[in-house]
Amino acid sequence: MVRPKQNFKIALDLANSSIKIATLDYEDRIESYIDTQCSPSDSLGNVVIKDRTLNNTEVFCVGYGAAKSPTGRATVMDKSAKIKEIQKLYLGALAHYPQLPSVMKNYIVVSSHAWQSHKEEIKGKLEGCLNLCLAGKDVELSTEVLLVVPEGFGAIVDYSEERIATLDFGAGTTLLTPYIRKRPQETLVSNIGVNQLYLMITSAMKGKNYGYTGDVRKIREQIELGSFYMEGCNIKEIYQQCLVQWWNENLKEHSYEAVRLTKSGYRVICIGGGVALPGFSKVLTSKGLEVVSDRPEMASVRGMFKLAMQQAAKKGV
């Protein structure tokens, strides 16, 4: 009989709109919604933490089910959630893993905007041993954090250039981070992300939608599918106008600084879900920037998984 796998190397990228997780045989993007008012179930993302000492349990759900629940909440609305709720997001992501074993010994690399200031707090919230029920499966879980790295860092793991930068278009933020010999320099941060573009589109839809704004969630889903039909409206023209306005009015500083870096000898790599916006990659490449074309939102977590494998090997795991 083949012994079930117990040791797992995992990368965890906690963004405002979604959790990205990568292991040897599985990767996923899970919506960053949490519902603490749910009941135990075998649904994906459902978590029950069993505290035998206190004889009580904690139940919550993360992901699609939480997003559809009237009591679910989006972590994008809470800037501190990526630290405060990091354990819930991690466990909820695990509760999506196919064919969960009864014992998991996880060695993880996690990214955070607060990788310097809150590294020990992040490790403290994630590390330890727990008795859980994940999506209806009883699991004995132990976790060791191998590394806490900056957001976007995984995307440069395979590059050998001395000077490189990531321009990360996320849901809630846009980050430009230069690296010298893979050491991060000061990050240029904007609290304008792709969600702001979707909000602009919802407002602009009033003229074509009998005075009603569009639904942000539906707009995001359709645009990610490359479709511009919303509630009977063709919003392609609206989208193109809002994309130009979003870029020119909100992210000029990032554009100028990214171009300046390229002229200073940096290789600038564009990552994040925003890169996949229809037509946007052409804008970026026209400025001499490089884009990750294969699921750019997963670029960092895939590199982080390679780091997890390297660090675990050093430990002999």
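**Briefing: cores, sheet and pocket**

Let's start with one residue: Ile 201 is in contact (heavy atoms within 4.5 Å) with Ile 219, Ile 223, Ile 235, Ile 238, Tyr 239 and Cys 242, once neighbours within four places in sequence are set aside. You are looking at a predicted model, in which local features need pLDDT of at least 70 and side-chain atom pairs count only at pLDDT 80 or more, while totals for chains, interfaces and linings use all residues. Residues are numbered from 1 along each chain as its sequence is written, and side-chain values use heavy atoms, with hydrogens and water left out.

**Nonpolar cores**

- In soluble globular proteins, nonpolar side chains tend to be buried together.
- A nonpolar core here is a set of buried Ala, Val, Leu, Ile, Met, Phe, Trp, Tyr and Cys residues joined through side-chain atoms within 4.5 Å. Buried means under 20% relative accessible area, exposed means over 50%, and partly exposed is in between, with a 1.4 Å probe and protein chains only.
- The largest nonpolar core has 34 residues, and those touching the most other members are Phe 169, Ile 201, Trp 246, Val 268 and Leu 277.
- Two or more residues of this core come from each of strands E11 (163–169), E12 (174–180) and E17 (267–271), and from each of helices H5 (194–204), H6 (216–224), H7 (236–250), H8 (252–263) and H9 (280–286). These labels are DSSP runs numbered from the N terminus: helices are H or I with at least four residues, and strands are E with at least two.
- Helix H7 is the biggest giver to this core, with six residues.
- Another core, of 33 residues, lies apart from the largest one, and its members include Leu 14, Ile 21, Leu 132 and Leu 141.

**Around strand E17 and helix H9**

- Strand E17 is mostly covered, with four of its five residues buried.
- E17 runs parallel to E11, joined by five bridges; in this pair, Ala 165 has Val 268 as its bridge partner. Two strands count as paired if DSSP finds at least two bridges between them.
- E17 also runs parallel to strand E18 (residues 290–291), through two bridges, and Cys 270 stands opposite Val 291 there.
- Leu 284 is found in helix H9, and it counts as buried because its relative accessibility is 0%.
- Setting aside neighbours within four places in sequence, Leu 284 is in contact with Phe 169, Trp 247, Cys 270, Val 275, Leu 289 and Val 291. Its C-alpha atom is 7.9 Å from that of Cys 270, although the two are 14 residues apart along the chain.
- Ser 255, in helix H8, is buried too, at 6% relative accessibility. Beyond neighbours within four places in sequence, Ser 255 is in contact with Trp 247 and Lys 287.

**The ten-strand sheet**

- Try tracing the open sheet of 10 strands in the order E3-E2-E1-E8-E10-E9-E5-E6-E4-E7, where the pairing is mixed.
- E3 (27–31) and E7 stand at the edges with a single partner strand each, so one side of each is left without a neighbour in the sheet.
- E5 (residues 46–51) and E6 run antiparallel and are joined by six bridges. Within this pair, Asn 46 has Cys 61 as its bridge partner, and Val 48 stands opposite Val 59.
- E6 (residues 56–62) also pairs with E4 (residues 33–35), again in the antiparallel sense, over two bridges; here Ile 34 has Val 62 as its partner.
- In a regular strand the side chains alternate between the two faces of the sheet.

**The second largest pocket**

- The second largest pocket holds about 520 Å³ of space. On a 1 Å grid over the protein atoms alone, a pocket is an open set of points where a 1.4 Å probe fits, with protein on both sides within 12 Å along at least five of seven lines, and lining residues have an atom within 4 Å of a point. Points are joined across faces, edges and corners, and the volume is the space filled by probe spheres set on them.
- Among its 35 lining residues, Phe 169, Gly 170, Gly 272, Gly 273 and Glu 297 are the closest to its centre.
- Strands E1 (7–14), E2 (18–22) and E11, with helices H5 and H6, each give two or more residues to this lining.
- By class, the lining has 13 nonpolar, 12 polar and 10 charged residues. Ala, Val, Leu, Ile, Met, Phe, Trp, Tyr, Cys and Pro count as nonpolar, Asp, Glu, Lys and Arg as charged, and the others, Gly among them, as polar.
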